[in-house]
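Subject: Structure handover

Hello,

Here is the structure for your files, with my notes on it underneath. Please read the notes alongside the coordinates.

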Amino acid sequence: MSLKAPWAFESREFLRTHTVGKEITFTSLHSLPSNDDVPRDLGNAEVAGVDLTSELLKNGWAKLKEIKREPSEDDLKKRDLENEAKTAGRGLWNPHGPQAREVHHTMPEDSQAFVAEWKGKPLDAIVEYVKDGTTLRVRLLMPDGEHQIINIALAGVRSPRASTKQGELSEPWGEEAKFFTESRLLQRPVRVIILSLPTSTATPFQSGPNATAQQPASIFIGSVLHPAGNVAEFLVGAGLARVVDWHAGMLASTGGMEKLRAAEKSAKERRVCLYANLPAASVASKANGTVPSGHCKTFDGVVVRVWSGDQLSVIEKESGKERRLQLSSTRGPKISDPKQAYYAQEAREFLRKKLIGKHVKVTIDFVRPREGDFEERECATVHYGSQNANIAEQLIEKGLGSIVRHKRDDEDRSSEYDKLIAAEQAAVAETRGIHSGKEIPAPKQPLNISETAARATQFLNGFKRLGKIPAVVDYVAAGSRFKIYLPKDNQTLTLVLAGIRAPRSARNTSEKGEPYGTEATEYAFRRCMQRDVEFEVEGVDKSGGFIGCLYINKENFALALVKEGLATVHAYSAEGLSWARQLNETEAEAKKARLNIWGDYDEESQKAEVTTDASDTGAMKTEYLDVIISDVRVRPAFGFSVQILNTEGIASLEKLMRDFSIHHQSPIAAPSGFVPKGGDLVSAKFSDGAWYRAKIRRISPVKKEAEVTFIDYGNQDTVAYSNIRPLDPRFRSLPGQAHEARLSFVKLAGPESEYHQEAIDRFRELCEGRKLVANIDHKEGSLLHLRLIDPENPAATSDPLACINADLLADGLALIDRKGCKYLASYPQVVKRLQDSMSTAKRDRLGIFEFGDVEEDD
């Protein structure tokens, strides 16, 4: 009887509810020809001693056929039952007729709208057909009374295919899976939860949203719930279906995927059906506490570096070892791909802000073996924060990464792979990040404002005005040298910490670093790498690096290095700093505690050594002075003048020059009969048109001009009598502020050398008009023998013996002055350094050593 006939569905439902799933006794009376290889018999059936034919007649769900023979006693009883049903109006004898209902035998035309309306809502249903273990045809009993026939695939699982026509072969375990489902669900009442339409997997960086018109779906994806539970879990637990990774998103809200994974694990451990031949290693791969590399599977640590959108470095808490990790089953955008570069930078910055310097819990899921140019890498799931959040899940959910598609039996995957899939599906649904279809131009490369000293100088005053500037440490080059990134301006610069010197670490395997150089760099790396910081600028060195202070969590990092005994105070560069006192006090504490570089420090022997040096050698006490080279002379011999800064004299000179300028604003006539004489202090007009204090060196009555020295700057010039006036007494009290000087220990290439002019030019380039630091090594009357130090030279901050004197020797433009500097023996360490510099010039045949060693001719 077709279910389209009146009362057919109700009649079938009566029989179904009384028989399906119950033990039945059948008595065959007659066999009929088979149909599709299925034997057919006529007979009587009883359930729990109750005759089914009698029950159907009694309840009005069947009619007696006309019989041409004489009725038997059994026939008469059945006739009475039928008449009883007629009289009572039961079943098909109901005078009001069957209930009107519409039955839709084809899938809904608007599949998307149907899913949107009923997604996640349990619907009563009857299973009409089982195609295979995980594909069913069900009758939905809609709330409005209509019936909707749909095809449904069980969410989260897939069983082997079973044959659907004669001669077709089933996949291994396909028939068993089909029977498993049929025996439990066919024509059983169930509840169906529709979850999704079949969709393709996410494809990041699509050019745009898929605008293709949606065709009616041939099947839905959902869960089928038997009173005993979700049949999918039982199928997987019996080893008759495999878990489908890509359904994790639709099952995430109910925790269904976790239950399926647990059932799968149980089936694998018992090696049933589909998992009968599973290798033992695969079953136990995630059951032990270590991974193949021998490392602990789970550990606590601190994130110290983010390499990219899917790689980071963690310092293990227990061992202190740095471990570079790949986020399991996660693929970040590639910075090398212009289409992905923007998102690659965003992903890296997302990880940096969330994790850098934070405590994390790491689970090593597997170790990816070395392959080609790719090194062996530990792949891990990383949790952080009070909520124990999975950073990979958050990254993917924001559309800043995608998941790796693993093969079906690939156990090397994230321990929370299903959550990652759900996160990606959420990102796709919301068209976030790489799934947005938007093409964002690749970010511009940051401008390196420390590329040259000239470029850096342009920014110096602006930085000084700004004070503390927010930035990010992009790289740690050494304990006191950093590459800083300014996100707001997309600029990078080199920052050298002022006032300290950290030991130098080896830059490569062939180079030997200074003691504690590696420790200083490592300390700076762990404290500062990729952290949000602030910095202040004091100056610029000659290579374009900015000299200043770095603040991390409002702490002066130079003080932190000194406190740990990983840096020393650099006296002359620290002298003008506002925190110089703190540096010295902190260094004293580190010395007292004998930390790191002060491990062998002995205060008493140090004092004794200083005393011995001062008395036995006659060397002058080290005293660094800020000076400016105010004049350079080449006749009659090379020399120069300096002004000593940071003194009362300079301040007085500035006031004197203001008054002096006002005094000469009005023309002043020379006294009658005034003739300048040698040694007189006068007021003389310089070539720039301004008047300055000067001293007469010699006069020429014939030419009516005089050679003068401007006593406050050291310049020498020839001035006409008409531009010379007696010096007003009120401008005589302040001594001249220019001091004649020469270089300690060395002399420039002489006039007889073809390198003489180059030596002069090089000295002018390094010194003239510049603020330098000087140490007086010897006094020859009023002539100062100076060792000149460039505070902007990075080498000077790390090497106390670095000086311009040595630089000129290294350039081959000077020689050690063994005749003119009688005090060489008093400074053995300095002389050794100078000899090393000159040896470099000889080796490279620079300057005066171009054709050999000329020192012996000296």
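**Backbone: two residues with positive phi**

Asn-388 has a relative accessibility of 43%, so this residue counts as partly exposed. Before going further, please note that this is a predicted model. Asn-388 sits in the loop that runs between strand E18 (377-384) and strand E19 (389-390). Its phi is near 55 degrees, a positive value in a residue that is not glycine. As background, most residues other than glycine have a negative phi.

Ser-329 also has a phi near 55 degrees, again a positive value in a residue other than glycine. Ser-329 belongs to the loop between strand E15 (322-327) and strand E16 (330-331). Is Ser-329 buried or exposed? With a relative accessible area of 4%, Ser-329 is buried, whereas Asn-388 is partly exposed.

**Salt bridges**

How many salt bridges does the structure hold? The count is 47. Three pairs and one network are described here.

The first pair to look at is Glu-82 with Arg-79, where the closest N and O atoms are 3.0 Å apart. Both residues are in helix H3 (residues 73-88), and they are 3 residues apart, so about one helical turn separates them. Glu-82 has a relative accessible area of 3% and is therefore buried, the limit being under 20%. Arg-79, at 30% relative accessibility, counts as partly exposed. This bridge thus joins a buried acid to a partly exposed base.

Another pair within one helix is Glu-585 with Arg-581, with 3.1 Å between the closest N and O atoms. Helix H17 (residues 580-593) holds both of them, 4 residues apart, which is about one turn of the helix. Glu-585 is partly exposed at 41% relative accessibility, while Arg-581 has a relative accessible area of 65% and is exposed.

Arg-261 and Asp-245 form a salt bridge whose closest N and O atoms are 2.6 Å apart. This pair links distant parts of the chain, 16 residues apart: Arg-261 is in helix H8 (residues 256-270), and Asp-245 is in the loop between strand E12 (242-243) and helix H7 (248-251). Asp-245 has a relative accessibility of 9%, so Asp-245 counts as buried.

As for the network, salt bridges link Arg-12, Glu-13, Arg-16, Glu-128 and Arg-139.

**Positive patch**

Which residues gather in a patch of positive charge on the surface? They are Lys-354, Lys-358, Lys-398 and Arg-432. One of them, Lys-358, lies in the loop between helix H10 (341-355) and strand E17 (359-368). Lys-358 has a relative accessible area of 38%, so this lysine is partly exposed.

**Three individual residues**

The contacts listed below leave aside neighbours within four places in sequence.

Gln-345 is a residue of helix H10. At 39% relative accessibility, Gln-345 counts as partly exposed. Leaving aside the neighbours within four places in sequence, Gln-345 is in contact with Ile-335 and Pro-443. Gln-345 and Ser-308 are 37 residues apart in sequence, and their C-alpha atoms are 7.9 Å apart in space.

Glu-555 has its place in strand E28 (residues 555-556). Its relative accessibility is 33%, so Glu-555 counts as partly exposed. Outside the neighbours within four places in sequence, Glu-555 is in contact with Arg-527, Leu-550 and Ala-560. The C-alpha atoms of Glu-555 and Leu-447 are separated by 28 Å, and the two residues are 108 residues apart along the chain.

Thr-135 lies in strand E6, which covers residues 135-141. Is Thr-135 buried or exposed? At 15% relative accessibility, Thr-135 counts as buried, because buried means under 20%. Setting aside the neighbours within four places in sequence, Thr-135 is in contact with Val-130, Ile-152 and Ile-219.

Regards

Methods: Residues are numbered from 1 along each chain as its sequence is written. This is a predicted model: local features need pLDDT of at least 70, side-chain atom pairs count only at pLDDT 80 or more; totals for chains, interfaces and linings use all residues. Side-chain values use heavy atoms; hydrogens and water are left out. Helices (H or I, at least four residues) and strands (E, at least two) are DSSP runs, numbered from the N terminus. Buried means under 20% relative accessible area, exposed over 50%, partly exposed in between (1.4 Å probe, protein chains only). Contact means heavy atoms within 4.5 Å. Patches are made of residues with over 30% relative accessible area and no salt bridge: like charges are joined within 9 Å, nonpolar side chains (Val, Leu, Ile, Met, Phe, Trp, Tyr) within 5 Å. Accessible areas come from the Shrake-Rupley method with a 1.4 Å probe; for residues, only the protein chains shown count as cover. A salt bridge is a side-chain nitrogen of Lys or Arg within 4 Å of a carboxyl oxygen of Asp or Glu. Lys and Arg count as positive and Asp and Glu as negative; His and the chain ends are not counted. The place of a charge is taken as NZ of Lys, CZ of Arg, CG of Asp or CD of Glu.
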